[in-house]
Amino acid sequence: MSLATTAGHAHWADDGAPTQAGGRLWPALDGLPAATAVGAAEASAESSAEPLPVDDPATGKVVGWCMPTDDAGIQAAVARAAEVFPGWAARSPQERAAAIVAGAEAIESRAGELTEMVVAEVGKPAFEAAGDVRGGAHLLRAFAAIAEEAAALHDLTGQDGTGGADEVLVHRSPLGPVAVITPWNTPVYLTMNCVAPALVAGCTAVVKPAEAAPLGVTAALRLLAAQLPDGVLQVVQGTGPDIGTALTSHPAVRGVTFVGGVVAGRQVLSSAAETIKKVSLELGGNDPALVLADADLGEDTLREMIAGCYAVSGQVCFNIKRIYVHRSRHEEFVEKFTALVDQLVLGPGAADGVHLGPLTTPGGYANARRLLEALAGDDVHLHEGGRVHPDADLDRGRYIRPTVVTGIARDHELVLSEQFAPIIPIIPVEDDDDAIAEANRTEYGLCSSVWSADPDHARQVARHIEAGNTFVGAHRVGASPPLVPFGGVKQSGLGRNHLMHAIAECTEEHAIIRYDRPSEQIRGIDPWRSVRLPAE
């Protein structure tokens, strides 16, 4: 398939469709892939905004472009989503599920290309990028499998609390068009985790990917959209303050699902408030790990914690961000943990054997450097570990070595904020109460973990931690099983996701109650009995 570029904008040529088997996944601008709108916005007047460069964090080289959608495109996308919503919602759960599974198959068929692009734009190692892409397809299948359950009509007739009604039925109705705004760190997986429940529930969706890494996820969404009726799934491009706000404030958008930082989450909530939308927010985390006095500090335990800290170079919302260790085990823990950190390999995501890639965004890298420079002036010990892969360009890439920080004050910025970098503070605590108090000290509350050889002891401590999920003996991607609700407390978010919990965020409960003899079944009619029809 050839591609054409006109007036600075990326276009598909007319000799093929981007979703054909073996066809290109991206249009091109100046010979590089471009993330463009998908759906009605694609056919609207083109944006006059300058294309946004997407660079490879390992080299700083531009690897693609994000083509911002203009206001006319936003309006067209939302209008189309509203237009086709009734027809999509009217389809049977089985029909919706079949189309979504076909989308999963299309993504799986191009997983290799998508993985390569995610590596290039996010910087994460290939094994993590592959999990991102294939995990996204898996989520589509998992939600399709509960389509009938999501649409089920629940008969409560005769149960306590139904007031003697002759029939009581409850079902979930789709909200309507929903806006989905997703992050750059795990772009395909986290986007499908938001899109899949919306589509299964019968909603239409307009997605705004993160402008820092829009290429892989836009291609995946295009493959999925091609299996759905026109307009059911659309994509718009651009920055959060511009495009995100236009979506979240639009009166025809009835729900918003946002995954990102706390500051942006507040803005989403504020802009959605004017039209009283249903809003789901999965925000940042500053997850604590509590290592109790009776913890097993064997290699398996420590390896789990290493993975929980340094996955995606620390750029995961529910990575371990701070570790509290009982003072009696602190020295032993630091020694063993640091020994494993020294074995980690830092390098470009496409290289073999790499554990940590570069940080994705220039802002995140600058913040990590700032934290390290500030720590160097404090009375703390910094251990910058790991081994550098021969292919790593430390001068051009946004690399931060896996770092362990000890001797740090409990109220230091690194401890109380979400660093989103591979810089882990390890702090001694006196007892369980001390550990719990420190764990609960911040305004974050996404996940946490407790490490103890005694399950009863761990459970007792876990019940006092303020978090949406608390893991025992684990704390990494995959530790939150799909049957449980996932989400944060305090400023880590609103709402819950995972399977039926996510369906609830895309729907409203609708009760249907029938009374055959209401004057006998419902109290309070007596004062109205004097109201009668005239005698004939």
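# A guided tour of helix crossings, ring pairs and buried residues

Begin by selecting helix α4 (residues 111–122) and helix α5 (residues 126–144), whose axes come within 8 Å and cross at roughly 125 degrees. This is a predicted model, in which local features need pLDDT of at least 70 and side-chain atom pairs count only at pLDDT 80 or more, while totals for chains, interfaces and linings use all residues. Residues are numbered from 1 along each chain as its sequence is written, and side-chain values use heavy atoms, with hydrogens and water left out.

**The α4–α5 crossing**

Helices (H or I, at least four residues) and strands (E, at least two) are DSSP runs, numbered from the N terminus. Axes are lines fitted to C-alpha atoms, for helices over the stretch in contact, and angles run from 0 to 180 degrees between N-to-C directions. Angles under 35 degrees count as roughly parallel, over 145 as roughly antiparallel, 65 to 115 as roughly perpendicular and the rest as oblique; α4 and α5 are therefore oblique to each other. The crossing of α4 past α5 is right-handed (the near helix is turned clockwise from the far one by less than a right angle; anticlockwise would be left-handed).

Next, display the side chains at this crossing. On α4, select A111, L114, T115, V118 and V119, which meet A126, A129, A130, D132, V133 and R134 on α5; contact means heavy atoms within 4.5 Å. By class, the contact of α4 with α5 has eight nonpolar, one polar and two charged residues (Ala, Val, Leu, Ile, Met, Phe, Trp, Tyr, Cys and Pro are nonpolar, Asp, Glu, Lys and Arg charged, and the others, Gly among them, polar).

**Helix α7 and its partners**

Move to helix α3 (residues 93–109) and α7, whose axes come within 9 Å and cross at roughly 155 degrees. That angle makes α3 roughly antiparallel to α7, and the crossing is right-handed. Select R96, I100 and I107 of α3 together with M192, L199, V200 and A201 of α7 to see the contact. Its residues divide into six nonpolar, no polar and one charged.

Keep α7 in view and add helix α8 (residues 215–225): the two axes come within 9 Å and cross at roughly 30 degrees. α7 is thus roughly parallel to α8, and this crossing too is right-handed. The residues to select are P187, V188, T191, M192, V195 and L199 of α7 and G216, V217, A220, L221 and L224 of α8. Nine of the contact residues are nonpolar, two are polar and none is charged.

Now centre on T191, in helix α7 (residues 187–201). At 0% relative accessibility, T191 counts as buried (under 20% relative accessible area, with exposed over 50% and partly exposed in between; 1.4 Å probe, protein chains only). Apart from neighbours within four places in sequence, T191 is in contact with T182, V207, V217 and L221.

**Aromatic pairs**

The structure holds five aromatic pairs. Rings of Phe, Tyr and Trp (its six-membered ring) pair if their centres lie within 6.5 Å; planes under 30 degrees apart count as stacked, over 60 as edge-to-face and the rest as tilted. Select W184 and F420: their ring centres are 5.8 Å apart and their planes at 85 degrees, so the pair is edge-to-face. The pair links distant parts of the chain, 236 residues apart, with W184 in the loop between β9 (177–181) and α7 and F420 in the loop between α14 (413–416) and β20 (423–429). W184 is buried, with a relative accessible area of 18%.

Then select F333 and F337, whose ring centres are 5.4 Å apart and whose planes lie at 20 degrees, so the pair is stacked. These residues are four apart in helix α12 (residues 327–341), separated by about one helical turn, and both are buried. Add Y310 to display a cluster that ring pairs form with F333 and F337.

**N286 and L290**

Go on to N286, in the loop between β13 (278–282) and β14 (287–291). N286 is buried, with a relative accessible area of 1%. Its C-alpha atom is separated by 7.8 Å from that of T442, 156 residues away along the chain. Beyond neighbours within four places in sequence, N286 is in contact with K321, R322, V415, L416, S417, Q419, T442 and Y444.

Finish at L290 in strand β14, which is buried with a relative accessible area of 0%. L290 and I323 are 33 residues apart in sequence and 6.1 Å apart in space, C-alpha to C-alpha. Excluding residues up to four places away in sequence, L290 touches Y324, A435, I436, A439, S449, V450, W451, V461 and I465.
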